Structures are given as structure tokens and as C-alpha cells.
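Here's a quick walk through a two-chain model. Take a look at the sequence and the structure first, and then we'll go through the main features.

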Amino acid sequence: MTTPLIELDGLMKAYGGHVALKGLTGSIPATSIGLVGANGAGKSTLMKVLLGILKPTAGSVRVLGLSVTDDTIAVRERVGYMPERGGLPPDQTAADFMIYAAQLAGIPPRAARQRASDVLTLVGLHEERFRYLGDFSTGMMQRALLAQAIVHDPDLVLLDEPLSGLDPEGRDQMLRLIGRLKGFGIYTLVSSHVLTDIESTCDWIVMIEGGRMIRNSPLDALTSGQTVGVEVLDQVDAVESLLVARGAAVHRRGHHLDVTVSDGDPYDLINRVLAETGGGLSLLKAGVKTLEDAYFEEGRIA
Amino acid sequence: MSTDSVEPRNAGGVAVSAAMVAAADSQGATDTTATVADVNGARRASMSAGATGPASANSADGTVYDLGYAPHEGPRLGRSAAIRTMIIDGSRRALGLRRKPWTKVIPWALIAAAVVPAAWVVALTFVAAGFTLEDAGPFGDPAEFFAIIGNLTMMFLALVAPTLLIPDRENGVLAIYASRPVRAIDYLLARGAALALLASLFILIPHTILYFGISALYVDGFGAGLLENGKEIPAILGTTAAYVLGYGAPAFLVAVFVRRVAIASGVYLLLMFMSGALLEITPRATEQLVFKLLAPFSLLWNPWSVRDWLFDREPEQLVLDRVGLEPWVGAIAIVAIAIVTGIIAHRKYRETF
């Protein structure tokens, strides 16, 4: 039997008059999940609800098959969390804090020491383990935050903007680390507004916009359509209308049309439509639909 | 794309620690992409390149192993273990242990100020001929000694309570606690327990030194001295509890709200001395209701009243005496203030947990 990683049923969270989450419903399977949305969309609120820090105003949420509201402690034993900001005591060494973080989650002292050493090695901080966390660079702090999130061997780890503030090299290192977690049997829920990061680490996408869930699907279902860019000299309206009538999704910017078909050959379709409408062609370019394309399309629809 | 169930996982394809790699190496396993079965007969150690990413890199100099990831397969202790861990961590932080050197200076200076004079008096009993209990002054009387150690305890608490609470809050570390299987009440209990433990030791260690030292002065012998002075142990313990709770709860409450350690220390000391001023403004033998209502808020003097009560001393005309209240009212006031402090702290912290 397959238990979903996260189940949301009419989940609503309001702060006074402001409704941050508006009736989220959906089942998210056990895999690497990307949580996408603009700033203020409700991503961090959803993460806090998943951890049991915030209580839902209405609806229910289950994580790893457990009710977050009824079994908060049991959920937290199996979940790790990497906050977006802060989270590290500057006056403690990395090794001491990792041991402490593991023991807080119930790992016995001897095992906690071993695990602290292992995860610091994993994130590339073994050489720095006796340095004070306050002396760490931003990249090292982010890796230390990731280490504390997995030091107690959770089944699911929630990563809130794990790449914020990192330079390109740091982002690359962090992305590789996150990508490896699934291989360790740790599922990830990565919140980010940098869509390329999500695209490279996740295979399931949850999009939130204005507190509503606008997409909950596999990533490849979102980006698998074939897109071709076309620059049409004239008859643009007619070409666009006919393409849409033939089942293509068209994103128009002036004379430029991004044509996406879910089935069939887009070049063949464009060729036939141009012939039928008499439209002139000035540019034809193959395009790959990215998560960013999909996000803006979905955002427009929402 | 692939999705899995979330049924209990095993090694997750990767289970190798440094010890296992060493063991595998000693058995001649040079390729970490191979399955390492039951190293030392103790743990599963099945790893694959697919699970670990780049598992190893061979070079002319030797083999660099990616140690991978070992799932925790042992027991998980409960909330009580987490609370114990937080008490130990809190005690270490307050004393600057396993922290930067400068964090040790003030707490240990205060500890020295509490312990060294007591130790000095005891040392004198052994080296100075004719040194008597009268010569020891307040150090020779446990009840009197509380007047000295009480003020030092207040300064110690002014430092320790903010150190226990404020950095976690201001550095965002509470987010980590909130993601662990602990509740706000566990966190506050642990921090409160650390505070109480340290303050109790701060008071009782010098008392213990004096107890043995003074006992040594008895003409009937050390054993007789221990027995005679031992009669005061319950009063010492009770008064210690009154000082710890009576001075500790306000320090804790201030630390719950103030954002800087130094400011919290200052606010607390100011609050205590202002409450102490009640003694100056309360007329002797007054029947006025306003003074009767204010008297239990005499944070500075309540533990003194409890001391007089427990040691069965003539009251020192403190605030409670002046308004005609019994000294034990001080004990009730201390407990009530501590309970209110706990409720307020919990209301504030449960928003974070």
C-alpha cells in the first residue's frame, strides 16, 4: 500500500482577517517535492502547518500518514526542518550543535555524536566542525542548517528557501546535496521562488498562488509539452486563432508566438496553419518548456 | 518520475559509516559500489553509486571514499530525554562551557565571589589560632549568610536567565526547537530547571563549605558539629528554594520579553531594587489597604521573610511585618508570582512552537 507523503483536505489558515491558505486539498506522493510560489503566496505558512507549529483554521493535514494536529510530536520525530533564516546559535561549535540537535530529537548521546560527525562530513563541514557557527560564511551556515535538519534521520525534510543568499558555487553545492537526499531515503519538500532550482532537484511540483493551490502534479507533466517559437510577419491574429482551434497552447508577445502542443508534431501543425492563413514566417525556433514558462502560464490562468 | 511509499524504510540503499568503510577496506573491499554485506555482522551496509552519488574516486594515491549516509536504526528516546538534554545545554550555556572564552568571565567571577569568601573563612578556621564562630560573622550563621549570598544570587540570575532565553529567540534557534518533538512547555520547563539548578548550586555550594567548616570549629568534635548544624539543613534548603523561586521567576519573566541580554539584566535589577524600595515607603505598623496589597509584590524582601519564618527568627521588620502579614505570606507570594510567570511565558512561547 502506498501512503501519500502529505495529504491536505480543505486546509485553511487565517491570521485574523487575512487568509493565508485558502482551502488547500490534494495528495502529494512520497518523492522530491518543489513548493513554488511568489513571496507571500503561503509557502512558509504551509511549512509551519506541516510541522504543527501553526494550527489550521479549518481542514486537516496528514504528514507521513499521521495527523499533524493530533500527532504533532510523532510527526516531528520523523520530519526535519531547515528554516529560511537564523536557526544557528553563533556561540556554539558546529559539532556541539549537531549533537544537541540530534539529542533533541531523541537520538541517544553516543549515536548523536556519530550522526553529527557523519552529517557534517556529508555536507562538507567535517573540517570545520570545531569552529563556532557565528564564524561561518553564509554558504557554510546553509550547509550546517541542512545538516541539523537531517541529523536525526528524518523521513521527510522541509527546506525553506535553502538557496537564499548563496553564491553560484554555494547554490550548486547545496543543490547537489539536496539532490542526494532521496537516495538516502529522505524525501524533500523544497520551497523556493527560484524555479530553475526546483526544476533541478524535484520531480513533483506544488504551486501556490495567493493561498490557493494552482498545481499539484508531476514536474514532467508540466514541462513535457513541445514548444516552438514562431515569428509571424502578418495575419498574426488568424494564425493564433487557428493554432488554438487545432489544440495548441499559444503564448503571444506581439508578432512572436510560443506554440506548445501536448500531442503531435508542432512543426507540422505550424506549417499547415501558415499555409492555410497565408501568414508569413520570419523566425522558427525550437524551444523547451521550462518550469518558469509553466509557472507563468499557470499564474495567468489563476 | 518515480514515487515511493512512505512505509518504514530500511537502509535506504545506503548504510555506511566510517567504521564500516574501514572494516570493508580491511576485508579487501576496494570498490565501494559493491554491496558490503553485514560488516562485522552488526549492521546492514548496502550501498550503491546510485544511492550515494559519486561513491568513490580511485587515484594513484589511494581511494577516497564517500562515506554516504547511515540511517539511525537504534532507539529514539522520548520527550523526557529531550528535556534532560535542554537542561544540560542550558546549564552549559549559562556557565559559558563549550562556548567562547569571554562568555565564561562573568558567571565564573560571580561564582568565585560566592565561593571564595566561604572557603576563605573555612581555611581560617584551620590556620588561625583562636578563630571562633563569632569571628566568622555572618559566615558563621546560615541565616545571616543568606543576606550575603542572596544579593549575589540576584546578580547571578540577572545574567543567567537572559542568557538562557534571549539568544535562542533572537538568533532564530527556536525554529529548530519547534521542528523537534518538544513542546513550548518542555522548552520552558527545561530552561526553568536549568535556572533553578544553577541558582540552587550557587547558594548551596558555599553553604556546604561553611557547614563543614563551621562544624570543624565545634569543641565537641567534628561529628557533633555536623549533627548540630545538620538541624538547620531543612531551613537552608527551604530558604534556598525561596530565593531561587523568588528571585528567579522575575528574572525569567523579564527575559521572556526583553530582546537583549544586557538590557534584560538591567531591567531585572532595576525591578528588584524598585520593589525593594517598598520597604522604604511602607510605614511601620500601618493598616492602610494600599500597603497591604502592595506588600506581597515586594520581590526583593519576600525571600527574606521566608528565611525569617523557616529559621524561626525574630522578623526583621520587613514589608510584610510592617503591614501585619505573617512571613509565610511571602512564600505564597513567591509561588503565585512563579506560577503567573510560567503562564505568561507559555502564552508567549506557544506561538512559536
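What percentage of the 302 residues in chain A is buried? Keep in mind that this is a predicted model. In chain A, buried residues account for 49% of the 302.

**Chain A overall**

Chain A has eleven helices and 14 strands, and its C-alpha atoms fit in a box of roughly 75 × 45 × 40 Å along the principal axes. If you take the chain A contacts between residues at least 6 apart in sequence, 68% of them link residues at least 24 apart.

**Nonpolar cores**

In soluble globular proteins, nonpolar side chains tend to be buried together. Here the largest nonpolar core has 162 residues, and the ones touching the most other members are Leu50(A), Val63(A), Met98(A), Ala147(A) and Leu158(A). Take Leu50(A): setting aside neighbours within four places in sequence, its contacts are Ile6(A), Val61(A), Val63(A), Val68(A) and Leu158(A). There's also a second, separate core of eleven residues, with Val239(A), Leu257(A), Val259(A) and Leu274(A) among them.

**Where the chains meet**

The contact between the chains draws 47 residues from chain B and 53 residues from chain A. On the chain B side, the elements giving two or more residues are helix H2 (49–52), H3 and helix H6 (174–178). By class, that side of chain B splits into 21 nonpolar, 17 polar and nine charged residues.

**H3 against H7 in chain B**

Helix H3 (residues 79–95) of chain B packs on helix H7 (residues 184–215) of chain B at about 45 degrees, with the axes 8 Å apart. That angle is why H3(B) counts as oblique to H7(B). The crossing of H3(B) past H7(B) is right-handed. From H3(B), the contact includes Ala82(B), Ile83(B), Met86(B) and Ile87(B), while H7(B) brings in residues including Leu189(B), Ala190(B), Leu197(B) and Leu198(B).

Here's how that helix contact breaks down by class:

| Class | Residues in the H3(B)–H7(B) contact |
|---|---|
| Nonpolar | twelve residues |
| Polar | two residues |
| Charged | three residues |

**A loop residue in chain B**

Is Ala128(B) buried or exposed? Ala128(B) sits in the loop between helix H4 (102–127) and helix H5 (142–170) of chain B. It's exposed, because just 10 other C-beta atoms lie within 10 Å, and 12 or fewer counts as exposed. Between the C-alpha atoms of Ala128(B) and Pro101(B), 27 residues apart along the chain, the separation is 37 Å.

Conventions: Residues numbered from 1 in each chain as written. Chains lettered and ligands numbered in written order. Predicted model: local features only at pLDDT ≥ 70, side-chain atom pairs only at ≥ 80, totals over all residues. Axes fitted to C-alpha atoms, helices over the stretch in contact; angles between N-to-C directions. Helix = DSSP H or I, 4+ residues; strand = E, 2+ residues; numbered from the N terminus. Parallel < 35°, antiparallel > 145°, perpendicular 65-115°, else oblique. Left-handed = near helix turned anticlockwise from the far one by under 90°. Contact = placed C-beta atoms within 7 Å. Nonpolar A, V, L, I, M, F, W, Y, C, P; charged D, E, K, R; others polar. Core = buried A, V, L, I, M, F, W, Y, C linked by C-beta atoms within 7 Å. Buried ≥ 20, exposed ≤ 12 C-beta atoms within 10 Å, placed from the backbone.
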